[in-house]
Each structure stands twice: as C-alpha cells, then as structure tokens.
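Reader: Please take one part of this model and go through it slowly. I would like to see what lies around a bound molecule and how the neighbouring pieces are arranged.

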Amino acid sequence: LELAADLQRALIEQQFAIEYQPVVDLATSRVTAVEALVRWWRGSVFVPPEQFLGPAEDTGLIVPLSEWILRESCREVAAWRASSWDIGLSVNLSARQITAPRFVETVAEALEDSGLPASALTLEVIEEMLVEDAEETISRLSELRALGVRLAIDDFGTGYASLAFLRQLPVDMIKIDPSFVEGLGRDDTLTLLTRTIVRLGHDLGLIVVAEGIERPEQLEQLREMGCTRGQGFLVARPMAAKGVDSLMRTSL
Ligand code: G
Ligand code: G
Ligand code: MN
Ligand code: NA
C-alpha cells in the first residue's frame, strides 16, 4: 500500500523515465529499432520494473503510467526518425492496459500526436496475456493491427501454448527468450531449440528477434542461423534518450 501511494506520487512528480535498448539487424549490424523500458528513480534509489509493475497493475496505475510511456516514446522516436533514419519502436504492454477503456484510441492518439507512422510501432505481449481475457485481448490487438501497428510475442518459447497462439493471433514478430539464447555454444539442446524457433518463425513469415545476447559466440551462431534481429548487452545496453541520440548521429 505504501508502494501504491508512492507510485501515484511518482507519476505526478514525474519520477519515471524511459530507457531505450537498441535492436540491430543481424545481417547489417544497423540499429533498426529501440525497445522502450520504463525506469523509476525513487529519490536516489532505483526500483526495478519487476518490483513496481505488479503493484502498478493491481492498483490500476499501470494505465496512466503506460499511456505516458507510449506517448513519450512515440514522440522521441518520431524525432530521431526526422533527424536520422527510420528506426522502429517497441513498447511492452501490460494485461490490464490492453483491456482498459479507450486503449485502442489511446494508441491511435499517441501515433497521431507524435507523427509516428503506425507501421513503426510494435507492441509486445507475452503469451499469458492471451490466456486471461483472451477474447477481449485478442480483439483489441486485432483492432490495433488493422491500424497498421505491428505485434510481437515477447519471451517466446516460455509460454505453454506458443504454437496455438501463433495461429490465433495476427503477429508479426517473435522475440526469442534469453533462456534459449543463453545456451548457444554451451548447450546442444538449447542451441537446437533456438535454431528450431528461428526456422519456425521464418516459415511463418515472421521477424525473429533474439534477446539477451551477451557473448560473441551467441551473435555468431544467431547470424549463421539467419535470425533477423538481435538485442542484448553485447549489442547495446538500455540507454537514456541522449545516448540514442548520439548513437544515431555517430552511426549515420
Ligand atoms: O527493463 P528490464 O529490466 O529490466 O525490464 C524488466 C521487465 O519489465 C521486462 O519483463 C519488461 O518487459 C518489463 N517492462 C519494462 N518496461 C516496461 C513498460 O514500459 N511496460 C510494461 N508493461 N512492462 C515493461
Ligand atoms: O521481458 P523483456 O524482454 O521486455 O525484458 C527486457 C529486459 O531485458 C530489460 O529490462 C533489459 O534491461 C533486459 N536485458 C536486455 N538485454 C539483456 C542482456 O543481454 N542480458 C540480460 N541479463 N538482460 C538483458
Ligand atoms: Mn520486451
Ligand atoms: Na523478452
């Protein structure tokens, strides 16, 4: 409860920030997108998203917080696109956010107000969100996709119904969970599973993103497998907007 009150105050006092983690095209090493990641500095103490997203979800504060993240990140990415090249933006969704009133309208407004094209925005969901309130969630996401927004399944491979959902939901992208990528070059089964997911994704016509790349051998193997995109500390850490700004200027 104390955390809930603090969260409310944090929102009013604008204590939240967004970091952006670059995602690269593995064939060219070029930055093709950034993933928005929320950060909370409670005074001088950093509170990890895992600690406050649950309480924010339970209290409903996730709805105004998520709207701020969406609007702010669309605005910043639209500005980067105007001064360099056409990168995309990925935003993580929470379950409660999707079923909140006016969710689809809010996304449409964020795009319109920022000038970011719908096709440049990817919304990331995890499989569990498609189980609870599945019908409503899927219908909201389908409405968004009709606007031209792209959909990604995050943490792919960890949910229990991955394949059924790929059929049900009009997704554009899968993001391979780091627990698979971790095993590349170290564990034959995880390496085989990663290769299988990449092939499955491509056979379904999806963009395949590998997450959690930390070692050069992982990068090499993913390139060899033909995985489309990569993300991880080896490629680039999540960074403040200023960092993306200078990264894009120096890579022009
Ligand atoms: O930033 P990172 O460690 O540290 O993120 C931890 C978790 O928080 C991840 O599962 C990530 O998807 C989630 N997360 C980060 N930013 C957001 C956000 O803006 N909205 C939602 N719903 N989840 C986020
Ligand atoms: O669940 P989701 O994929 O949205 O979570 C993204 C989170 O993963 C972010 O919080 C980010 O800080 C973290 N992350 C990104 N790259 C790496 C990495 O290479 N290693 C680890 N351990 N975490 C990473
Ligand atoms: Mn994500
Ligand atoms: Na993930």
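Author: In this predicted model, ligand 1 is surrounded by Ala36, Leu37, Val38, Pro49, Glu50, Leu53, Ser66, Ile69, Asn92, Leu93 and Ser94. Three elements each give two or more residues to this shell: strand 2 (31-42), helix 2 (49-59) and helix 3 (62-83). Sorted by class, the shell holds seven nonpolar residues, three polar ones and one charged one.

Helix 3 deserves a further look, since it also has a partner helix. Its axis and that of helix 5 (residues 103-114) come within 9 Å and cross at roughly 30°. Angles under 35 degrees count as roughly parallel, and helix 3 and helix 5 are therefore roughly parallel to each other. The crossing in which helix 3 passes helix 5 is right-handed.

On the side of helix 3, the contact is made by Glu67, Leu70, Arg71, Cys74, Arg75 and Ala78. Helix 5 contributes Thr106, Val107, Ala110, Leu111, Asp113 and Ser114. By class, the residues of this contact comprise six nonpolar, two polar and four charged. Helix 3 thus appears twice: in the shell around ligand 1 and in the contact with helix 5.

For ligand 2, the shell consists of 13 residues, and the closest are Gly212, Glu214, Gly232, Phe233 and Pro238. This shell has four nonpolar, five polar and four charged residues, while the shell of ligand 1 has seven, three and one in those classes.

Methods
Residues numbered from 1 in each chain as written. Chains lettered and ligands numbered in written order. Predicted model: local features only at pLDDT ≥ 70, side-chain atom pairs only at ≥ 80, totals over all residues. Near = placed C-beta within 6 Å. Helix = DSSP H or I, 4+ residues; strand = E, 2+ residues; numbered from the N terminus. Nonpolar A, V, L, I, M, F, W, Y, C, P; charged D, E, K, R; others polar. Axes fitted to C-alpha atoms, helices over the stretch in contact; angles between N-to-C directions. Parallel < 35°, antiparallel > 145°, perpendicular 65-115°, else oblique. Left-handed = near helix turned anticlockwise from the far one by under 90°. Contact = placed C-beta atoms within 7 Å.
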